[in-house]
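User: I'm new to this one. Could you walk me through it?

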Amino acid sequence: MSAHLRLSPFDIFLDPLLDLQDSRLRELLSYWNGKRAGRAMPARADVSPAEIVSHLPSVFLIGAEPPAVSPAHFHVRLMGTALNELFAADFTGRTLDEGLPEKASSALAKVLGVVCELRRPLRLHGQAVFDEEQGPTEIEAVFMPLTLAGARVEMAMGELVKRASA
């Protein structure tokens with residue numbers, strides 16, 4: 001697990017090697033790779049919701065404003081219904097700092113900043129607490145860069161799923 005980087009103070013890890021365990025995430029990454037068509041990343045216009053219908057409940061789109069380093073630089077454009085339920089909120093239309101607690105928004109901004117800087121997908125996995133009464137939830141997610149018209153990352157598309165307990 002040496003290639004996995006911990007996002008302190010959480011039990012969440014970044015995996016740049018993309019060792020995706022969930023078949024849905026592998027399927028979405030494969031879709032993203034197909035839409036790249038030899039480019040570093042696909043354009044947002046290349047992604048069709050009609051082609052990923054089964055993923056929509058757990059998909060998110062987050063806009064990235066330069067320099068893409070703080071929670072205020074990231075705007076939630078779309079948050080699937082399963083994510084609304086998991087977070088017990090819909091952050092669509094908000095920046096990360098408007099919707100999440102400070103530590104969580106800062107950690108998520110770091111992940112998104114890395115995706116923007118490296119212009120490549122990242123895997124996130126570990127245990128997250130969405131509800132104090134229910135305790136930690138095992139999650140896995142993939143974050144993939146998108147452009148609007150060029151080489152700069154202007155959006156991140158991803159999917160977050162709850163994993164079955166071992």
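Analyst: Here come a few questions about the sheet and the pockets. It's a predicted model, where local features need pLDDT of at least 70, side-chain atom pairs count only at pLDDT 80 or more, and totals for chains, interfaces and linings use all residues. Residues are numbered from 1 along each chain as its sequence is written, and side-chain values use heavy atoms, leaving out hydrogens and water.

User: Which strands stand at the edges of the sheet?

Analyst: Strands here are DSSP runs (E, at least two residues), numbered from the N terminus, like the helices (H or I, at least four). Two of them pair if DSSP finds at least two bridges between them. The open sheet has 7 strands in the order 1-2-5-6-7-3-4, with antiparallel pairing. Each edge strand has a single partner, so one side is left without a neighbour in the sheet: these are strand 1 (5-6) and strand 4 (74-79).

User: What is the bridge partner of Leu5?

Analyst: Strand 1 pairs with strand 2 (residues 11-15) in the antiparallel sense, over 2 bridges. In strand 2, the partner of Leu5 is Leu14.

User: Which element gives the most to the lining of the largest pocket?

Analyst: A pocket is an open set of 1 Å grid points, over the protein atoms alone, where a 1.4 Å probe fits, with protein on both sides within 12 Å along at least five of seven lines; lining residues have an atom within 4 Å of a point. Phe87 and Ala128 are among the closest to the centre, out of 32 lining residues. With 6 residues, the top contributor is strand 5.
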